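Reader: I want to learn how to read features of a model like this one. Where do we begin?

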Amino acid sequence: MDLRFGDSKPTDEERAAVDALLGPPESSWEGADRSDADLRWARGGREARDRRDQLLPALHALNDRVGWISEGALDYVCRRLTVPPAEAYGVATFYAMFSVRPRPATVLHVCTDLACTAAGASELCAAVEARLGPESGVKVERSPCLGLCERAPACLAIRAGESARPALEDEAVQAEGGSGGAAPGDGKGKGRRGRNTLHATAVCAPATPDRAIAAATAPETAPTEPAPETAVPQTGTPALTLLHRIGTVDPTSLDDYRAHGGYTALRRAFALGPAAVIREVTDAGLVGRGGAAFPTGRKWQATAAQPDHPHYLVCNADESEPGTFKDRVLMEGDPYALVEAMTIAAYATGAHRGYLYLRGEYPRALARLTHAIEQARTRGLLGDDVLGQGYAFDIEIRRGAGAYICGEETALFNSIEGHRGEPRSKPPFPVEKGLFGKPTVENNVETLVNVLPILTMGAEAYAAIGTPTSTGPKLFCVSGSVARPGVYELPFGATLGDVLALAGVRDNLRAVLLGGAAGGFVRPDELDIPLTFEGTREAGTTLGSGVVMAFDDTVPLPRLLLRIAEFFRDESCGQCVPCRVGTVRQEEALHRIADRTGAAAADDIALLREVGRAMRDASICGLGQTAWNAVESAIDRLGAYE
């Protein structure tokens, strides 16, 4: 049985938002006025079903224009795309940034995750809510990590509808001296339509009640967000490999990027050929920087060898792990590097279409990358004939909408295709059947950007950085109780103490969280742990995506553990029972432990271990498999409840 929306009709504004993305409807079957021809046959079904992947962009268009998604608007989208209403409703309710209930046009998302919690996010949220009543026209929502951990506490204001403030991408275009143009809109490369830039956004970090309220009530006039280089304390250091352009090169200027070595790597890739590029990446020892550490060259080779076509490239820029913000800094400070790296990866694997899945909480990264892609296309660096080499490749940005699980590669594919972001069972693996059922290579931002120095300096020189089994430089996201939070670049093999010394760790260090919410805690006497995949494994913890979050003795550890449990409960997609039920039971047990001692607490700790083992052994994806890690390490290594 499917849903029925009854007599709900879309407003003119809702129709306009959808039509701006999909174009005007061609028949009454898609929502146009009825004509005599429409009474004789149905048209557009097959074509509309082929555009199912436009469901998420259509929901974004409605949310950007109106601020929420009504039944009438959702029904109109379903008619345009021939999507069953129940399925569309399931997608619309899956993402935290959407609402299917009426809400004000302005929403203030206040981060309440780990770094912000430690910096007083709860008090900030309470103060803002007390001063912004219903008459303010602002909805205050507690949000998972906004990726602004180095400037905690943080908030993001989003106002739907017309904006008096120029869109950021237009500002970037003016700075470049070029023309805006449209971002790709059709998933299969069948044409592009105008992008929706009506809504206004304002990032406020570090936030105070006064600044947060000012951002929420007037996001169009909010102060400009600090430059990306403020998140890189090492800016100007000659030895930097991945971060050397940030703070030195104008991120909106393609000419400046090329003057500082840009597109040298792509030219060498064309000179080498696809097979030799894969061999260089393999010889360099590059492994995925998202946490799984799978050899990148093997993934590329497996995709390139598939006889089924087309092949796709997907860049995972949905970094939602609490404490992680390195990809945001790369995209905001050096966007052309990612465009170039994606082009190289696609060339090596035989892909002609790339998707950049960007988390919805990164408005400036969206603006910078939209502009960079358009400039690259205009200058012949994307399109039908890249650099005159006869190779065709283009990139489309797809915005996420607040779902941590979409960082899992197959959940990300489902999200792009217009389904709920739920992981798929493997095998088949993405290199065989990934996006749209075709061979797909998926890498995150940091992994891809590492390809540039591999090709410019050579595999042997790159492999000489770091250790024999963990090669190259690594980015670490340092936040919490440190004097200089930010992104730090160090070679693999540096110790945890080395990173914290650069960041200026404060006195009375209580614990360090490695790898984010899915990682583990270590003690202050364990700072000699080498930051390599094998070194952290031997120490009984994980490197993960490079999160290093320090906490002094002023931060209540049980409160952090409860927040981690709440995070996994909220972010579980609910597809498999061990994760859906286990994350709830974990949170319930931690709530009880906070009020108990002695034998009663011991019983709940035993229950936590049993639930944690079940999630680790039986969950379908990494979310459930790692949801117990941080709590377990806090109990066993830190004695959190002794």
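Author: Begin in a loop. Asn508 sits in the loop between helix H21 (496-503) and strand E11 (509-514). Keep in mind that this is a predicted model.

Reader: Is Asn508 buried or exposed?

Author: Exposed means over 50% relative accessible area. Asn508 has 51% relative accessibility, so Asn508 counts as exposed.

Reader: What should I check in the backbone there?

Author: Check the sign of phi. Most residues other than glycine have a negative phi. Asn508 is not a glycine, yet its phi is positive, about 60°.

Reader: Which residue in the loop between H17 and E8 has a positive phi of about 55°?

Author: Phe436. Its phi is positive although Phe436 is not a glycine. The residue belongs to the loop that runs between H17 and E8. Its relative accessibility is 22%, so Phe436 counts as partly exposed.

Reader: And the peptide bonds of that loop?

Author: Look at omega. Most peptide bonds are trans. The bond from Lys426 to Pro427 is cis instead, with omega near 0°. Pro427 is in the loop between helix H17 (409-416) and E8. The bond joining Pro427 and Pro428 is also cis, with omega about 5°. Pro428 lies in the loop between H17 and E8 as well.

Reader: Next, the strand after the loop. How many residues of strand E8 are buried?

Author: Count residues under 20% relative accessible area. In E8, residues 440-444, 5 of 5 are buried. Then split the strand by face. Thr440, Glu442 and Asn444 are on one side, and Val441 and Asn443 are on the other. Both faces are covered.

Reader: Which strand pairs with E8, and in what sense?

Author: Look for the bridges and the strand direction. Strand E5, residues 311-317, pairs with E8 in the parallel sense, over 5 bridges. For one register point, take Val314: it stands opposite Glu442 in E8.

Reader: Now helix packing. How do I read a pair?

Author: Take the axis distance and the crossing angle, then the residues in contact. For helix H1 (residues 12-22) and helix H4 (residues 71-81), the axes come within 10 Å and cross at roughly 30°. Angles under 35 degrees count as roughly parallel. H1 and H4 are therefore roughly parallel to each other. The crossing of H1 past H4 is right-handed.

Reader: Which residues make the contact of H1 and H4?

Author: H1 gives Glu14, Arg15, Val18, Asp19 and Leu22. H4 gives Ala73, Tyr76, Val77, Arg80 and Leu81. By class, the contact of H1 with H4 has 6 nonpolar, no polar and 4 charged residues.

Reader: How do helix H11 and helix H15 cross?

Author: Their axes come within 9 Å and cross at roughly 10°. The helices span residues 264-272 for H11 and 335-349 for H15. H11 and H15 are therefore roughly parallel to each other. On the H11 side, the contact uses Thr264, Ala265, Leu266, Ala269 and Phe270. On the H15 side, Glu340, Thr343, Ile344 and Tyr347 meet them. The contact of H11 with H15 divides into 6 nonpolar, 2 polar and 1 charged.

Reader: One last loop residue. Why does Thr241 count as buried?

Author: Apply the cut-off again. Thr241 has a relative accessible area of 18%, so it is buried. Thr241 lies in the loop between helix H9 (209-217) and helix H10 (254-259). Then list contacts, leaving aside neighbours within four places in sequence. Thr241 is in contact with Pro453, Met457, Pro473 and Glu489.

How values were computed. Residues numbered from 1 in each chain as written. Predicted model: local features only at pLDDT ≥ 70, side-chain atom pairs only at ≥ 80, totals over all residues. Heavy atoms only, no water. Axes fitted to C-alpha atoms, helices over the stretch in contact; angles between N-to-C directions. Helix = DSSP H or I, 4+ residues; strand = E, 2+ residues; numbered from the N terminus. Parallel < 35°, antiparallel > 145°, perpendicular 65-115°, else oblique. Left-handed = near helix turned anticlockwise from the far one by under 90°. Contact = heavy atoms within 4.5 Å. Nonpolar A, V, L, I, M, F, W, Y, C, P; charged D, E, K, R; others polar. Buried < 20%, exposed > 50% of the residue type's maximum accessible area, 1.4 Å probe, protein only. Pairing = 2+ DSSP bridges.
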